[in-house]
Amino acid sequence: MSHNPIRDEFRAGLARGELLVQKCNDCGGLNMYPRHACPHCQSSSLGWQKASGRGVLHSFTVLRMGAPIGFEADLPYALGVVKLEEGVQLLTRLVPDANGDWDSYACDVPVEYVPMSGDSIACQSAAWFRHTSSK
Amino acid sequence: MADTWPLNVDAKSPNDPVFIGVGELPSGRYPDRNFIGDLTRVGLLALADAKMVPRDVDTILLIPNLHSAVDQADLIFSRMAEELGLIGHLKSSFMVHSGGSTSDNAVRLASGLIASGHARTVLVLQCERWGSADVNEMVTMLSKYGIPGEWEMPTGLQFNAIGALITRRYMHATQSSPEAMASVCVTLRNWAQLNPNAMYYGKPLTVEKVLASKVVAEPLHALECPMLADGAVAFVMTSAENAKKRGLDTMVRVAGSGGCVSHYSIGQEPDLAALGWATAAKRAYEQSGWGPEDAQIAQIYDTYAAVTAIAVEGLGFCEPSEGARWFASGAADPGGKLPCNTNGGMLSAGHTGVGGGTALLVEGVRQLLGRAGSQRQVPGVQRCIVGGTGGSYMDAQVLLLERVAKGGK
């Protein structure tokens, strides 16, 4: 894999249980996904801010067949587009309800970031979210 | 940034770029055909339709395939110049690529070359072997291309899931029922019954059948997902002056175009129920002076029903939020108010990769030339709206095409 500090620092955050959002040291703009130059002011001085982890679910799907190689054992699994309260958004995995399905989920429900173990992130470095009222 | 882009040519300009011929091979599973053979055959079909031979062509534009990197490289390195006997004659041969919207951009590029004088006659070629390709390779390809490796591949995203994310948001935002969504697929299948080149010719479909098929990626059912197909299409563009000089009395000009790139990563689209369609349509209508009411037919990229429903709303064919219900009303069906995707579209003619949009474009040109055959030719067609989109529905591209004929008919 090529040298990519932006990707590696973001993933290291996930492995520590932190969802990071890139923050421009010059204009203060938040960038998601993280960029190699600030898309707002083109600065290359870029740092990180820990996200609140709170957001709303713009859309989601439960994939039931046709998983990419390496994801077959995960089926079924759910993906969602989450809009964070900081004003940036990202694609995430969604934690199932207690019954193993995703019945409590709907567009525009509140969702929150769920830290995963470092081992799990080393294997699949995705951010996980769950429906705020689903435990 | 400029909000308007006035065209530098009009219908009276000698260098106005025009379509003069199209070619197509049947879409579906054809293990007995092969890539270079199909490209050669379809190119010759388009040239014959334009009353031309290969030596009338000075530039070949290639539309990429997604089935093989080696085949792609062959095209890039001018293989078709050899195959068509154009060594030493051809000025240039190269590829343009924006995924599913490539055909729209190929038209823009060919038009620019012709209008500026860098090309006189451009042959655009496309062939895809998705239907006969190895299934595992295709699954891998459809979970890598158009998906950012650093940020989204680790989630297990693939293309039906992308379609499902758009569909879920669209159904939520517009309160469209599963029946309304399925009706889009049924309209396309109705058109495919009139197209012997379509993968699903002779295989009618009902809303009940769509909703009874298994769920692949909620809320999408299997029959709401496109079937990968082999296929090939080609078209020829030249200047209006050259077309007239060659005695052609019917051609199709580009009255305007508009586009909007709204994201690259599906997770970065601000509104999955809108995408870039309203902006692209506004830009195209402003350039041409047209409105949605000025066309008699439309050919809109249709890998998933929601993608097409969102497009027809952005293009102003119906009120906002009414796209799927507009299809359910029969407006886009054979005999409807605004026939759409008259070849059956990608969902029923077959998803030929980057070529799906090219097949829709070619169908629009064919209808305008009056060559769609007795079964599906829409009578009195003068204007067609073409809509395309590429990758994870990253862009919306609109072409406004118009028939030009001797005596104005």
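In this predicted model, chain B carries an open sheet of 9 strands. The strand order is β3-β2-β4-β7-β1-β8-β11-β10-β9, and the pairing is mixed. β3 (92-95) and β9 (297-300) of chain B stand at the edges. Each has a single partner strand, so one side of each is left without a neighbour in the sheet. From one strand to the next, the twist averages 25°.

One pairing can be followed to the residue. Strand β8 (residues 250-261) of chain B runs antiparallel to strand β11 (residues 395-405) of chain B, and 11 bridges join them. B:Gly259 has B:Gln397 in β11(B) as its bridge partner.

Helices lie across these strands. The table gives two in chain B.

| Helix | Strands crossed | Angle |
|---|---|---|
| α4(B), residues 102-116 | β1, β2, β4, β7, β8, β10 and β11 of chain B | about 160° to β4(B) |
| α10(B), residues 277-288 | β8 and β11 of chain B | about 140° to β8(B) |

Next, the nonpolar core. The largest one holds 168 residues. Which of its residues touch the most other members? They are B:Leu123, B:Val124, B:Leu125, B:Cys185, B:Phe235, B:Val365 and B:Leu401. Helix α7 (residues 178-192) of chain B supplies the largest share of this core, 9 residues.

B:Cys185 merits a further look. Neighbours within four places in sequence are left aside here. Beyond them, B:Cys185 is in contact with B:Leu205, B:Val210, B:Leu223, B:Glu224, B:Ala305 and B:Leu347.

Definitions and conventions
Residues numbered from 1 in each chain as written. Chains lettered and ligands numbered in written order. Predicted model: local features only at pLDDT ≥ 70, side-chain atom pairs only at ≥ 80, totals over all residues. Pairing = 2+ DSSP bridges. Helix = DSSP H or I, 4+ residues; strand = E, 2+ residues; numbered from the N terminus. Axes fitted to C-alpha atoms, helices over the stretch in contact; angles between N-to-C directions. Contact = placed C-beta atoms within 7 Å. Core = buried A, V, L, I, M, F, W, Y, C linked by C-beta atoms within 7 Å. Buried ≥ 20, exposed ≤ 12 C-beta atoms within 10 Å, placed from the backbone.
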